[in-house]
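Colleague: Could you take a close look at the aromatic residues of this model and at the nonpolar core around them? A connected account would be appreciated.

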Amino acid sequence: MKKLTEAQIYSALAIALLSASTITPPSHAETSSTNFFCGTSNGVPATIARTPQGEVPMILWNSPNLVSSGDTPQKSCEEVSSRLQTYYNNGTLKYFTTGFKNGQTVVCVAQEENGPCSGEPLFALNSNGSTPRDSLQRIFRIRVASAAPISESTQPVYISLDKFLNGQYTPMGSASNRSKPQNSDRRQ
């Protein structure tokens, strides 16, 4: 049997290590992830999504389209942000839509477009004389095109989390509505 030289052993070891490093899947810390937290945007409590691309203010808790639950805007922000993180971690947060609970219009999450609400509602919606569809779009400060113009006022809107975070919806009002928070502080 032929004896290997020290150089051959080191070369074989180096090749084995390089091969192993190219087939090893990335660790959990290296994969892209989104985290939801309550911070501030322009001095207002805001549910914010921290993505690999940056922070995106989602819900400003001073909207007239939100029904007061008796909690402060800060407390509502913290509770909803925590629930969003749980739904996201469970894989049930794909879309935001509206539904009804106890005779009240609520905002909830759905796993698929045109699918039913999943889990507990996020918060109650104050339509202020407009459709739940319009109120939900105002809360997220975006416009969502309807698939069928005739059903625009009667069909619920489904806001895709991915499209929202990637800025693929038309912003309502000025472009500054979707600007990054000036002073976001993580509270969990």
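**Aromatic pairs and the nonpolar core**

Modeller: In this predicted model, a search of the whole structure yields 5 aromatic pairs. One of them joins Trp-61 and Phe-123 edge-to-face, with 5.4 Å from centre to centre and 75° between the planes. Because Trp-61 lies in the loop between strand E3 (54–60) and helix H2 (73–90), whereas Phe-123 belongs to strand E6 (residues 118–124), this pair ties together parts that are 62 residues apart in sequence. Both Trp-61 and Phe-123 are buried.

The ring centres of Tyr-95 and Tyr-158 are 6.3 Å apart and their planes stand at 75°, so this pair is edge-to-face. The pair also links distant parts of the chain: Tyr-95 is in strand E4 (residues 95–101) and Tyr-158 in the loop between strand E7 (142–143) and strand E8 (159–160), 63 residues apart. Tyr-95 counts as buried because its relative accessibility, 18%, falls under the 20% limit. Tyr-158 is buried as well, at 10%.

Phe-96, Phe-140 and Phe-164 make up one aromatic cluster. Phe-96 and Phe-140 are also, with Met-58 and Ile-159, the residues that touch the most other members of the largest nonpolar core, which has 30 residues. Among the elements that each supply at least two residues of this core are E3, E6, helix H3 (132–140) and helix H4 (161–165); the largest share, 4 residues, comes from H2. Beyond its neighbours within four places in sequence, Phe-96 is in contact with residues including Met-58, Leu-84, Leu-122, Phe-140, Tyr-158 and Ile-159. A second, separate core of 5 residues includes Phe-37, Val-44, Ile-48 and Leu-60.

Key: Residues are numbered from 1 along each chain as its sequence is written. This is a predicted model: local features need pLDDT of at least 70, side-chain atom pairs count only at pLDDT 80 or more; totals for chains, interfaces and linings use all residues. Side-chain values use heavy atoms; hydrogens and water are left out. Rings of Phe, Tyr and Trp (its six-membered ring) pair if their centres lie within 6.5 Å; planes under 30 degrees apart count as stacked, over 60 as edge-to-face and the rest as tilted. Buried means under 20% relative accessible area, exposed over 50%, partly exposed in between (1.4 Å probe, protein chains only). A nonpolar core is a set of buried Ala, Val, Leu, Ile, Met, Phe, Trp, Tyr and Cys residues joined through side-chain atoms within 4.5 Å. Contact means heavy atoms within 4.5 Å.
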